[in-house]
Structure formats: C-alpha cells, structure tokens
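Dear colleague,

I am passing on the structure we spoke about, together with some notes on what turned up in it. Please have it open beside this message as you read.

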Amino acid sequence: MAHESFSLNDLAKQLGRDRRELEKLVNRGRIPGRKVKGEWQFHPTEITHWLEQEMRGYTTSELERVEQIHSPTQNDSSYLISNLMPEALIEVPLNARTKRSVLESLIEVAGRTWQIWEPATVLTAVQQREAAYPTAFENGVAIPHPRSPIPDAVGEPLIAYGRTLSGIPFGAPKGTLTDIFFLVICSDAPTHLSVLARLGRMMQLPDFAEQLREVSTPEQTRKVIIEIENKIAES
C-alpha cells in the first residue's frame, strides 16, 4: 500500500471487496477512516492494523483472498512461509521462559541472516505491537511482529521460529500458555499481510500445532512447514 491516503474505491480494490459493502462498514465505524470534503479517506497504516485484527476471525477463503491480493511477486508464493524460514532461523528448543526473553531470543535467531540491522529497534517495535494487541492464539501459537514495517531497521523479509519446551504466558485468550512462536519481520506491508494470511490458513488446518510439537529438530520442523504448505496448495 502506498503511504498516501486513498479513497473508498482504492480500499475496495486493495481488499478485493465490494465498495458498497465497505461503505456500510465505514459509516458504522467498523473501518477506520475520515471524511475529507465529503469523501472517505483511509490511511494505509490504519487499514493494515485494522486488517490484522479482522484476519483473526477470517475463514480460510477470506484469508486466501487477502494473501492473493497482497502476495509478493518476487518469490514462489506456493512456499511463502518455508522460503522465509530456512533451517538457520529455526530454534528447537527455544531456551526462553518469559515473553521478553522469547522476543529477544527470536530476534537473535533472526540476526543470523544479517538482515536485522537494528535489533533494539526491532525489539521495541515488536513489544509495542504486543502491548497494543497480543499476537497469541488459543492453540498455543503466537505470531509476534512489528505493528508497522520498519524498513530502516531490517532488510529482506524473514520468519524466525522457536518452540519452547513448556508453555509461557504470552497474552493468549483465556490465559492459554504459548510454546510455538513465529517472529515475522517484513519491510513492506503487502508481504507482511500476505505472510500473516498464509500463517492463518495454516493454523486452520487440523493438528497444525500438534505436528510442530511432535518434531525436535530444525530440519524436521521445516519439513512439517513444507508439507503443510503443500496441503494448502492442494486445497
């Protein structure tokens, strides 16, 4: 998405949804926007934040639509997650016992790629996102990430993965503990949204988290991720 505000027609195109449907939601205050000279205007960052929260309740088909609209063209989108998550960025087990130590450890793992230029900036951005809206789900999986892209602090998009030996409090609904973590770091909003949508689709497959808990090495973990992405491509 561009940095400038865009119109209702632009929003419909960005989201792949009917303009009239979106106008009703905007008028009801369901989508963040403001009127300028009688016309609705939307800020890309606000829409990205709104869409992130909306996606938590999306169906598989709705997530697929988000992914297709924002899918990066420079990579093979069939293996979006596994392409961004090589074995070097997988830490099993992840030796961390608190929320902060999980984030610090994952950023350290991500730094193996030399694409994390300012680790302290990344940590602060991820912590701010967690403070605003925790990224943990009830199934024990969390997807920490910055609220907005931080292109001055990171290079190429990547995913650092870790699984702790026991669950820790990470802000999941109903107080569920979390042991599986995908740290998503992207320098642009389209890739960011596409990655979140793909992970959302993967989590909706049966036994997603259980399969990851059954493996104990980076090689085995990545193999599971590839197999799950294959299932998505076949569905």
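Helix α4, which runs over residues 60–70, gives the most to the lining of the largest cavity, contributing five residues. Please keep in mind throughout that this is a predicted model.

The cavities come first in these notes. Two cavities of 30 Å³ or more were counted, and the largest of them holds about 60 Å³ of space. Its lining is made up of Leu15, Arg17, Leu51, Tyr58, Glu62, Arg65, Val66, Ile69 and His70, and when these are sorted by class there are five nonpolar residues, one polar residue and three charged ones. The second largest cavity contains about 30 Å³ of space and is lined by Pro146, Ser148, Pro149, Cys186 and His192, a set that divides into three nonpolar and two polar residues, with no charged residue in the lining.

Leu15, named above in the lining of the largest cavity, also belongs to helix α1 (residues 8–15), where the buried residues are Leu8, Leu11, Ala12 and Leu15. Seen down the axis of α1, these buried residues fall within an arc of 100 degrees, and so they line one face of the helix. They pack against α2 (19–27), β2 (39–41), α3 (44–55) and α4, and α4 is the helix that gives the most to the lining of the largest cavity. Just after α1 comes Gly16, which takes a positive phi of about 70 degrees.

The other helix I would like to point out is α10, which covers residues 218–234 and has 17 residues; from its first C-alpha to its last it reaches 25 Å, close to the 24 Å expected at 1.5 Å a residue. Which residues of α10 are buried? They are Thr221, Val224, Ile225, Ile228, Glu229 and Ile232, and because they cover an arc of only 135 degrees around the axis, they lie on the same side of α10. On the other side of α10, the exposed residues are Glu219, Lys223, Ala233 and Glu234. The buried residues of α10 are covered by elements that include the helices α5 (80–84), α8 (189–203) and α9 (208–213), along with the strands β3 (90–91), β5 (158–169) and β6 (177–185).

With best wishes

Technical notes
Residues numbered from 1 in each chain as written. Predicted model: local features only at pLDDT ≥ 70, side-chain atom pairs only at ≥ 80, totals over all residues. Heavy atoms only, no water. 1 Å grid on protein atoms, 1.4 Å probe; cavity = no way out; pocket = protein on both sides within 12 Å on 5 of 7 lines; lining within 4 Å. Points joined across faces, edges and corners; volume = space filled by probe spheres on them. Helix = DSSP H or I, 4+ residues; strand = E, 2+ residues; numbered from the N terminus. Nonpolar A, V, L, I, M, F, W, Y, C, P; charged D, E, K, R; others polar. Expected span 1.5 Å × (residues − 1). Buried < 20%, exposed > 50% of the residue type's maximum accessible area, 1.4 Å probe, protein only. Arc of directions from axis to C-beta. Contact = heavy atoms within 4.5 Å.
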